[in-house]
Structures are given as structure tokens and as C-alpha cells.
Amino acid sequence: MLPNVSEEVLRGELEKHSLAGLVDSNGKMNVRLPVFRRKKRNSFRNVINQDRCLCAEELKSTSLKLWLKGVFNGSSIINDELYPTIISRFCGPASQSPLPVPIKTITLPVTPEHAVCLTGMLFETTILHEDLLSVLKEAPPRVGLCGLPGTGKTRTLELIGRRWMSEGHDVLVVSLCQTSLAASLMLCEILDRKTDRSHKQGSPQPPQGRVVPVAFDLKRDNVYDIVRAMKDRLLQKEKLFIICDEVDHDGNYTSFIYFCEKLLKKVPMLHLWFASCFIEKSPMGWQAKVFLDPISCPTAILKEKQLSETVELCKIIKWTLDSNTRTPTEGPSVKYVYHGGEEHSEGDPQDCKACAEEVVRCLLHLFTGKASFTSESSFTANSTSNGTGSPPSELRLQDNDMMVLTECDVKENMMLFEMLRNSGFKTKLINKSQADSVLKDTSECVLIANGKDVHSIKRKVVVFLEGSLTKSKSKKHEKPPDYLNRVRCVTSCTSQLIWIRIPEKQSI
């Protein structure tokens, strides 16, 4: 069964390798396949051979159950209900994306580094489910995209922004709080990059709209002042096209709803799409679209008990993780480092040498060409081959494939920061004032930041450090936990997650 291969593509590949006669015009095999035998008490028994290829065209129009009955003389070995599960588990998505996404040749992984690279590449590719496609097809003027991180909200905002720009409209990417600034800047960077690429192709293009970054803060700025500033951007009573990402953080969701309703009264021809993790209430005049299928984070991470418990504390709808969830792969298992025990220091894991050493050991199994431990305080260079020969460059992890996220403010003297540099990693520490330059920095570096400052930025490898609970003399004044921020940090990983945990009595 070749669900993602058309008969034309199959024949082209066979001809390329001088195997055109392998399949006849009816799809039957022209050559005898190797016969596999099973030995049992000095006798051999032939195993049934498949004699026909089922390509994408037939899968769209032919019932698999009927096809199998024909192949196996009226005895079906699978029913239609099991078909989507099998296809999604072994063959990837059963339906083809209507978007012209180029597919590169993929080499099967032979090392952990290869597997992590391929997993990240798969989850960073444009994947769209039916619910995402339907809202883009309808394209109503005002939409609220709701769902947990990793369900394609930002990707959908990008696509609608590209459509508006292709129609000649300027698109305002509006940030309304400090923690949404990184996500907004990332959207601006992506939209600018896509537009530049289309112009470089040389073909005549209709006038393209511009992407315009706009930043406010609902904690400090008056809603009426923000609405007035947005209305002032109207030229000759034209429409406004606005995208807002990460609008629900810092407890400003109610203020955001108020902002939307006031802006709509001032600008009746308003086009505004926003993304939120909450679905309790949407502004009047907005269509709410709920996304539940994960598309940018491996299932192995989403199924972890620690993450599930955190999502429950957020009181938001969980991902759909049943057997029919069509993700490219489960992904590598989460690696945990527990900050506790005699060899670990007390307090923040940022200061713990034992945690840092354990994390670096995990990373050295993945990143070839880095230094390795030879003693407690010295490093030596690793071989790049890992005994299997040098991997292709696209299957090599680079420094900019990794990110270190904390729940507390990042310390410049963080123990892990120092050990990463000693073992050959190029690092860049990000603080709030530098967040707007993250995407503009072209250096190949490991990003190290408080998770709040880099929301929506994703990497193949993420090291996440839990924060300790801020304590005071009175327990009533302990800093409340930010569980949604933790969910965002963990789901920013597209392949290998390394999670540094704190014992229950210390963690937030």
C-alpha cells in the first residue's frame, strides 16, 4: 500500500532504476518475489506474497476492504475502521496536503542524532489538518483560533496573513503584552521572508502588502488609546487587517475582548484573527475555531504524565491523542533529570553542577563533534562518525537547533551555561530587552532564555529547567505558579525534550 505515492511517481522511480518492468499496467508484479520459508519439524511452508501495488489514486476511490477481499480470495484481513489507524501509524497522513509542499528525500536514521534531526524536520514542516484547512477556505473576517500550544494556531495566522498580503493589504501584527512580543516578531519575520522569496523568483507579481509590527501593553496602555491609535492607521476609510498571537497571557484576556469589541465599533470593516489557549468566551462578532490535533510537537512529549497534569491545572481543553491522530512519528522519549539527592545542590537547578553534568552527557550523545567528559573537570573532542561514518549535513544537529528554557530569570553564571561553552557549544543568553533581536541574530547559537521571553520559538532540542517556588514568610504570599507558561516551554520542542524536574515540595 502506497498511500502517498501516485502510480505515475512509482513508475517514474522504477524506470529511473531500470525496474520499469516490475509492475505491469494493471499494477501486478511481473517478477517473482523472494519466497520466505518457515521451518517447522523438517518441513517448509511458503508465506503468501503480495502481487499488487495499491497507489494513492486507488486509495481515494477504492474501499480497502473490497481490495483486500479480491487479493485474498474473498477473505478480508482488515476492515475500513482499522485502515486510518494503520496508515497513520506506519505510513504518515492518509490524505495528501493540497498545498504544494516540496518533499525531500529522507534517509532512514541510523543514530540517535539522525532520529532527532528527522523528527524535528517532520514537525517543522507545514502540516495542516482538515479543521485548519476549512477555516482558511472560509476565511471569515474575524476569527478566534483556540487550542493548546502546538495545534497550528500560529501557522494558521501566518497563512491568512500571507493571503491578505497577496491581495495587496498591509497586515498589522499586533502584540498586546510583553510575553507575546517574541511570537509577534517571529510572525513578522516569517511573513517578510516569504514575501522577499516570492519577489526574488523574477516572475511578475501583483502588488504585495506590507507586514507592519505594532506593540502595545494592555497592562499599561488604556484600551481607548489603543483603539484610537489603530483607527488612525486607516487610510481613506479602508479596511484594517490585524493578526494577534498569544493574547491570553498575563491575565489580559478580558481586556483583549474589550479591545476587540471597541475596535469593531470604530472600524466596521475590521479583519482581525487572533490565537488564544482559552475558549471560555470570544468577542462578539468573532467566530471561534477550536483546534485539538497537535501538529508541531511529538506525541511522546504530549502523552507524558507530567505535562498532562500541568494541562489539567491550566483548566483548558487537552489535545486529541487517540490512535487516529495523524502525526508523522511518536518522537523520542522525554529524558528527565531530577534535581534532588546528595550530589545535587539545594535551591535553583540553575546553580546545580550535578544537573548540568547530566544534561551535557545527554547532549553529547546527540551533537557530534562536541567535547566529552574524560574526568570531572576536563573534556575531549568526540568523533563525528559515532562508528557509522559521517552523517549527511542535513542530519547533523547544529547549535541553533537547541534552546535552554527556564521558568525563572536566567542567571548569567548559570552552571549549565558554563558547561555548554566548555564543551564546544556557542551560546546566547536572551533577556527581555534582547527578545526583539532573537530572530534577527544570524549567529549559530544555543538560545538560553526565560521561556516567557521567547514564546512560539521552536527548536529540535529543548532543555527545560523547572523553577523553584518563590517563598516568603507567609505562605499566602508565595508566588502563584504559571502552568500555562510551563506548557508553552515544553511544547516548544519539536523532537528531543530534556526536562529538569524539582521534587514536589520545592517545585512550582
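How do strand 13 and strand 14 pair, and over how many bridges? They pair in the parallel sense, over 4 bridges. I will come back to that pair after some context.

What we have here is a predicted model. The protein has 508 residues, and 45% of them count as buried. There are 15 helices and 16 strands. If you take the contacts with a separation of 6 or more, 73% of them come from residues 24 or more positions apart.

Now the sheet. It is an open sheet of 6 strands, paired in parallel, and the order is 9-16-15-12-14-13. The edges are taken by strand 9, residues 335–338, and strand 13, residues 427–430; each has a single partner strand, so one side of each has no neighbour in the sheet. From one strand to the next, the twist averages 20°.

Let me go through some of the pairs. Strand 15, residues 459–465, and strand 16, residues 493–501, are parallel and share 6 bridges. In that pair, Arg459 has Cys493 of strand 16 as its bridge partner. Strand 12 and strand 14 also run parallel, joined by 4 bridges.

Back to strand 14, then. On the strand 12 side, Leu405 stands opposite Ala449 of strand 14. Ile430 also stands opposite Ala449. As a general point, side chains in a regular strand alternate between the two faces of the sheet. In strand 14 both faces are covered: Val446, Ile448 and Asn450 are buried on one side, Leu447 and Ala449 on the other. That makes 5 of the 5 residues buried, so strand 14 is largely enclosed by the rest of the structure.

What lies across these strands? Helix 14 lies across strand 12, strand 13, strand 14 and strand 15. Relative to strand 13, helix 14 runs at about 155°.

Helix 14 comes up again with the cavities. The count is 2 cavities of 30 Å³ or more. I will cover the second largest, which holds about 30 Å³ of space. Its lining consists of Pro349, Gln350, Cys352, Cys355, Ala356, Met415, Leu416, Leu465 and Ile500. Helix 13, residues 353–364, and helix 14, residues 415–422, are the elements that give two or more residues to this lining.

Which kinds of residue make up that lining: nonpolar, polar or charged? It divides into 8 nonpolar and 1 polar, with no charged residues.

That is the end of my part.

Terms used: Residues are numbered from 1 along each chain as its sequence is written. This is a predicted model: local features need pLDDT of at least 70, side-chain atom pairs count only at pLDDT 80 or more; totals for chains, interfaces and linings use all residues. Side-chain values use heavy atoms; hydrogens and water are left out. On a 1 Å grid over the protein atoms alone, a cavity is a set of points where a 1.4 Å probe fits but cannot get out, and a pocket is an open set with protein on both sides within 12 Å along at least five of seven lines; lining residues have an atom within 4 Å of a point. Grid points are joined across faces, edges and corners, and a volume is the space filled by probe spheres set on the points. Ala, Val, Leu, Ile, Met, Phe, Trp, Tyr, Cys and Pro count as nonpolar, Asp, Glu, Lys and Arg as charged, and the others, Gly among them, as polar. Two strands pair if DSSP finds at least two bridges between them. Axes are lines fitted to C-alpha atoms, for helices over the stretch in contact, and angles run from 0 to 180 degrees between N-to-C directions. Contact means heavy atoms within 4.5 Å. Buried means under 20% relative accessible area, exposed over 50%, partly exposed in between (1.4 Å probe, protein chains only).
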